[in-house]
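Trainee: I am new to this structure and would like a close look at how the helices pack against one another. Please also say what else deserves attention along the way.

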Amino acid sequence: MNRIIRLLLLPLASLLALPACHPETATQPQPAPPTSAVRDTLAYSFAVMGCNRVDNSDANLATNPSTANVPQLTRTYADLAALRPVPDYLFFMGDMVLGYSPDTAVIGRELRAWVALYRAAPLSRTSIRMVALPGNHEVMSGKNQPAFLGAEQAWRAALRPYLAGSNGPTAGGPDRLATDQSQLSYSFDFKQSHFVILNTDPVGTEGTAPLDWLGRDLAAARARGSKHLFALGHKPALPAPAGDGLSNGGSLWSILDANHAEAMLAAHNHLYYRIQTPPFHPWQLIAGNGGSPLDASASPNKLFFGFILVKVFTSGRVMAYSYGRDLPASGYLGPTAGIATTIRDSVDITWK
């Protein structure tokens, strides 16, 4: 009998030996957060396009003093104006005019005509801010010819309203620059992000970027707490296959990687192209499909006109979307009516 009583009391003794369960330490089922609390909202966005100038054989200064591919240019402006919300910035990545002239008066007239086209477009009356970058066609005296001071001066004079900074490197210094680049390569901050504009064809050091200045600028931005870093230049550091880019692009890439930059955005190669080269983290995004004759050697899925839209979200996620439309049946200068612009590609470029 005593043995039976002891067996009956054993479970009770075991329960009494367990630690007390207090409300503040107990694990309680938690309700799922409301959808509004976890939704990833857009912080801001910016668009990138480049290479819209016509071929030399198609230039007609009497009918088109801008030497831009006007049908494609006005269509892209309309597509951007139709986005909701409108991007905060449009970075125009160079080769917007034919240029390639030793005569600064010719370059100045083409650039002023290009500005007139933008001011006449409805996009210029939205909240978007246009930022223009020089390409080799704007600063060089001809194909495979050097850049020259007069072209840089003509650029600054015509595009002054569309420059966003002046803190770049001056002549001389560790980058051994021949001319003042302070308004051609510079940087600025926007919504906890840092943007670096690069002139990729400075006088005397064509096909390069000022790496000493770039490294110090990015390091300072990181020290200030910038959450996202983007570099933008006409010539890419990592060119598309069969394309060309910067002669010091490999060193530039190491600087971007060391400072956790999300991407470099460029043009120059006439197509849309993206690449990431592990173990490096940054992406190279090329938007050289703004309206100039496209690179026929590229695969067909890269041969379309358009732009790149980058979206930065409050969570820290960064997405890039390539918007494109097919070439007009009548040729690259043909009308664009009836040709749909759609998202052709997307990629998560968040640093990771």
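Mentor: The answer starts with the whole protein, goes through the helix pairs, and ends with some single residues.

This is a predicted model, in which local features need pLDDT of at least 70 and side-chain atom pairs count only at pLDDT 80 or more, while totals for chains, interfaces and linings use all residues. Residues are numbered from 1 along each chain as its sequence is written, and side-chain values use heavy atoms, with hydrogens and water left out.

The protein has eight helices and 12 strands. These are DSSP runs numbered from the N terminus (helices H or I, at least four residues; strands E, at least two). The protein has 352 residues, and 53% of them are buried. Buried means under 20% relative accessible area, exposed over 50%, and partly exposed in between (1.4 Å probe, protein chains only). Of the contacts (heavy atoms within 4.5 Å) between residues at least 6 apart in sequence, 67% join residues at least 24 apart.

Now to the helices, beginning with H4, which covers residues 104–120. H4 packs on H6, residues 149–159, at an angle of about 25°, and the two axes are 9 Å apart. H4 is therefore roughly parallel to H6. Axes are lines fitted to C-alpha atoms, for helices over the stretch in contact, and angles run from 0 to 180 degrees between N-to-C directions. Angles under 35 degrees count as roughly parallel, over 145 as roughly antiparallel, 65 to 115 as roughly perpendicular, and the rest as oblique. The crossing of H4 and H6 is right-handed, that is, the near helix is turned clockwise from the far one by less than a right angle (anticlockwise would be left-handed).

On the H4 side, this contact uses Thr 104, Ile 107, Leu 111, Arg 112, Trp 114 and Val 115. H6 supplies Gly 150, Ala 151, Ala 154, Trp 155, Ala 158 and Leu 159. By class, the contact holds nine nonpolar, two polar and one charged residues. Ala, Val, Leu, Ile, Met, Phe, Trp, Tyr, Cys and Pro count as nonpolar, Asp, Glu, Lys and Arg as charged, and the others, Gly among them, as polar.

H4 also packs with H3, residues 70–82, at an angle of about 40° and with axes 10 Å apart. That angle makes H3 oblique to H4. Here too the crossing is right-handed. Val 70, Leu 73 and Tyr 77 of H3 meet Trp 114, Leu 117 and Tyr 118 of H4. The contact has six nonpolar residues, no polar ones and no charged ones. Trp 114 thus takes part in the contact with H6 and in the contact with H3.

Another pair is H7, residues 211–224, with H8, where the angle is about 10° and the axes are 10 Å apart. H7 is therefore roughly parallel to H8. From H7 come Leu 211, Leu 214, Gly 215 and Leu 218, and from H8 come Ser 251, Leu 252, Ile 255 and Leu 256. Six of these residues are nonpolar, two are polar and none is charged.

Next, some single residues, beginning in a helix already described. Leu 149 lies in H6 and is partly exposed because its relative accessible area is 40%. Not counting residues up to four places away in sequence, Leu 149 touches Thr 179 and Val 203. Its C-alpha atom is 9.2 Å from that of Asp 180, which is 31 residues away along the chain.

The loops hold some less usual backbone geometry. Most residues other than glycine have a negative phi, and most peptide bonds are trans. Between H3 and strand E2 (89–92), the loop contains Pro 85, and a cis peptide bond with omega of about 0° joins Arg 84 to Pro 85. The bond from Pro 278 to Pro 279 is also cis, with omega near 10°; Pro 279 sits in the loop between strands E8 (272–276) and E9 (283–287). His 260, in the loop between H8 (249–258) and strand E7 (263–266), has a positive phi of about 60°. His 260 is partly exposed, at 37% relative accessible area.

Finally, Thr 350 comes in the segment after strand E12 (342–348). Thr 350 counts as buried because its relative accessible area is 18%. Leaving aside neighbours within four places in sequence, Thr 350 contacts Glu 262, Gly 316, Arg 317 and Val 318.
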